[in-house]
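I opened the notebook to look up the overall build of this chain and then two of its helices.

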Amino acid sequence: MCAHILIAEDDEMQAELIRRLLLQEGHTPVVVADGRAAIDAAESHRPDLVVLDLMLPKIDGLGVCRVLRRQGDIPVLMLTARSTEDDVLLGLELGADDYMTKPYSPRELLARIRTVLRRTLRPADDSPVLRAGGITVDPARHAVTCDGIAVPCTPGEFAILHAMTAQPERVFSRRQLLQLTRGHDRASTERAIDVHIMNLRKKIEPDPRRPVRLLTVFGVGYKLTGLPT
């Protein structure tokens, strides 16, 4: 699985380390050192993934992520030296698909990159179109509609809706959804699922504050109702 990957990192040593790792994996990396250049490169090259440092000059990683999400659904893996949960959740709320805190293991970084790429570069298949609660998920086209209207989704959001439309009315725990969206198991990040659910409700609910499709099952997790709304 070869991919075009944009590395936005102003630390030259870190950027070179990531670039060499990606080259060894057979990917095509492009390196930029500030947020403005990252936005320009994403617009011109349309990468398969952006590895995005949070503390960039000119425009920080959060600002870059905002722009990327307005332009499309390019997957974003955010790198941050900030370890507070609020900073991490803010990045996810803005549309980052995953994050890693510095210092990180090169092996783990590659594992995270592989996980995101497996979700986003999976070849089209004959998986059936799924429907539940007014939501349609087309795995082959990686497309989602709500009442016939296209819904832009990040890879993590798509993974959640795909699982839930395949089994409407099933209650998924946060940990189960975390495995679907990130492919690793760390209880400290389970709150990130709440952010994905909040973002999805903004996209598919008539009133996100009073959801009728994507429901909370208190003390357990979330489910997608299979009933028409």
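Entry 1, overall size. I compared the radius of gyration, taken over C-alpha atoms, with the globule rule of 2.2 Å times the number of residues to the power 0.38; with 229 residues a compact globule would have a value near 17 Å, and the chain has 18 Å, which agrees. Along its principal axes the C-alpha trace spans about 55 × 35 × 30 Å.

Entry 2, provenance. I noted that this is a predicted model, in which local features need pLDDT of at least 70 and side-chain atom pairs count only at pLDDT 80 or more, while totals for chains, interfaces and linings use all residues. Residues are numbered from 1 along each chain as its sequence is written, and side-chain values use heavy atoms, with hydrogens and water left out.

Entry 3, burial and contacts. I found that buried residues (under 20% relative accessible area, 1.4 Å probe, protein chains only) make up 48% of the 229 residues. Of the contacts (heavy atoms within 4.5 Å) with a separation of 6 or more, 59% join residues 24 or more positions apart.

Entry 4, helices. I read eight helices and twelve strands in the chain, as DSSP runs numbered from the N terminus (helices H or I, at least four residues; strands E, at least two). For helix 5 (residues 106-120), 15 residues at 1.5 Å a residue should span 21 Å, the expected span being 1.5 Å times one less than the number of residues, and its end C-alpha atoms are 21 Å apart, which agrees. Its buried residues include L109, R112, I113 and V116. Helix 6 (residues 155-166) is mostly covered, with ten of its twelve residues buried, among them F158, I160 and M164.

Notes. Buried means under 20% relative accessible area, exposed over 50%, partly exposed in between (1.4 Å probe, protein chains only).
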